Structures are given as structure tokens and as C-alpha cells.
Amino acid sequence: MSTTSTITATATDAHGIISEKVITTKQAESPSAQNVVAPNGSSFFEEVHFLGDKAGKVTIRSPPRFDNIEDERTYQKQHLAVAFRVFARQGFDEGVAGHISLRDPVNPEHFWINPLSTHFSQIRVSDLVLVNEHGEVQPGGAQAAINGPAFAIHSSIHKARPDLNAACHAHSVYGKAFSCFGRPIEMIYQDALRFYNDLAVYPRYGGTVISTEEGERIAKALGNCRSVILQNHGMITCGSTVDEAAFLFIALDRCCHAQLLANAASGPGWERIVIGKEEAEMTRKKSGNSSKMWLAFQPYYDQVVKCEPDVLT
């Protein structure tokens, strides 16, 4: 059995009139009754590893399921818009640099992305731009220009990795500082283990990405990982949901910061201790899976929607 809940979606038309739509979603009553499936086929509730009551009535929120694809699109666009606001709060903005893309659930060859020269902190659902596989702005979204390098990078990743529906790139301070080493972070603290055997490196700098050929090289370097360090540039994180990709970016930037601090502090008698393979594999599975990453982003989503409700318009 399942219960239903509602999400109120807002939209602004061409005349600036705001309308609301109530979306009905389905949630299971308990972990044993639910059928929410994680990307790897496991149960969502098994992957997030929470504790509830004996009767199974105390549970944790999970990704909603929708009766139609348009409602799913609305939900995903809301989380994309909020992700930009979260990035602004994290200080990941820098001029016109940075972009987050989301594969369109209606037409998977198209994706949603931010308009060029709009600050992350001001992006709303109605500002999102829909582009096709040729980089052409499509009807149905904001009619605004997009970042050329963003298309070169994100289109290549979406083509190469059909399992990934979102990708984040921004010029965060610690990400770009660490990128100059052209190497992955070390497994020297628990939070780094989210990226154990799941962090690639693009070991070259090809200048500003202005061609799809460079984007294809980046996508190739990403390989089967969710995240990649771009040498002398920054980093990209991806996920099956924009929630997952966005939280991984926050986590990876903080890991880069911690790595830089560890590098600066290390010396004779203060050598870094690397976590063992068995412990790393177990922790990666428990703490770095897609379901846990989706859940980890929800507090950020809640904070933005409560404080800045205009993001959903």
C-alpha cells in the first residue's frame, strides 16, 4: 500500500502572472511496503540505512514517484533551480562561469541549463533554458542565451553517460586550487571515501572549452566515474539526479579544502595515514551511494525553498 502527498508547483507565464499547480506524488507507508528503487537496483531505504520504529511507521523521505512525465519534469526543474541557489550560498558563483545541466525527462536528448549572465542566486524555474543536442534553445523554457563552453562540456557528458542525468561545474575556490596538482584527492578521511574509485582526472589543460571535441575528451576522462578533476581548471560532478550531482560538488569542494590543509600540515612525524581498501570500499558503498547523496541534498533544498520561495516561480 502507498500514501499520496502533494507538491505545489508555481509557474510564471509570458505576462508575469503566477499560477500554481498541485502535483500528486506517491510514497510508500513503510520500508517493507515501498518499491522505490535506487539506480543500482537496490532499495532506497536499504541504501540510506536509517533507523525507525519497530512497526515500520517511522521512515525517511524518499524520491517521489509521479503519475505523469510532465509532473516529474516540474519536480526536477524545481530541484535544478534550487541547486543554483544552493551554489550561490556556498560561494560557487564567479561572474558568468559555472553551470548545472539536467537531462529533460520528456526528451532525453535535450537538457535544461542556466541562462548566461544570470547570477545563481536569482535563478528561478522560469529562467531555465531547454536546449537540444545541437545547442539550440528550444521552446518551452526561457528564451535566453546559454554559455557556449557549458554546452560543449555538458552535451558531451550527457551523450557519453546515459546513466547520468545531471552534471555540475563551477569555479569553486578549493576545487580550482587543488586542480593544479592534476591528481585525485587521497583517501585520508571519511568524507573522501564517497569518491573512492569514483573520481577521475583530466590530466591536461586545453584552454577555455569552446569545442565539443574538448568536451568529448573531458567526458572520456570521466569514464565510469561520477566526478572528475579538470587539471588547472576545477571539477565536474554528476549524478542520476541533480540532487546527487549538486551534493557531490559541495562534498568534493570541501574534500579539496581538507586535502590542501592536510598537505600544508604534513611533515616528519605528521605523515598522512591512508584508509585501507576494505574500509574504503565499505564506506563508499554505505555513504557515497546515489540514494544517500539525494537525501543529503534535501536539507539544502528545504532551506532555500523556505527562505527564497520565489525560486519555484
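This is a short exchange about one helix and one sheet in a predicted model.

Modeller: Residues are numbered from 1 along each chain as its sequence is written. In this predicted model, local features need pLDDT of at least 70, and side-chain atom pairs count only at pLDDT 80 or more.

Colleague: How do you know that the length of helix α8 agrees with its 18 residues?

Modeller: A helix is a DSSP run of H or I, at least four residues. The expected span is 1.5 Å times one less than the number of residues. For α8 (residues 290-307) that gives 26 Å, and the end C-alpha atoms are 27 Å apart, so the two agree.

Colleague: What makes α8 bend at Q298?

Modeller: I can give the angle and a neighbour, not a cause. The bend is the angle between axes fitted to the seven residues ending at a residue and the seven starting there. At Q298 the bend is about 25°, and the proline P299 follows within four residues.

Colleague: Why is W294 called buried?

Modeller: Buried means under 20% relative accessible area, with a 1.4 Å probe and protein chains only. W294 is listed as buried, along with others in α8 including L295 and F297. The cover over the buried residues of α8 includes α2 (69-89) and α6 (242-265); contact means heavy atoms within 4.5 Å.

Colleague: What makes β8 (199-202) an edge strand?

Modeller: Strands are DSSP runs of E, at least two residues. Two strands pair if DSSP finds at least two bridges between them. The sheet is open, in the order β6-β5-β4-β7-β10-β9-β8. β8 has a single partner strand, so one side is left without a neighbour in the sheet.

Colleague: How do you know that β8 pairs with β9?

Modeller: Four bridges join β8 to β9 (residues 227-230). The cut-off is at least two. They therefore count as paired, and they run parallel.

Definitions and conventions. Heavy atoms only, no water. Buried < 20%, exposed > 50% of the residue type's maximum accessible area, 1.4 Å probe, protein only.
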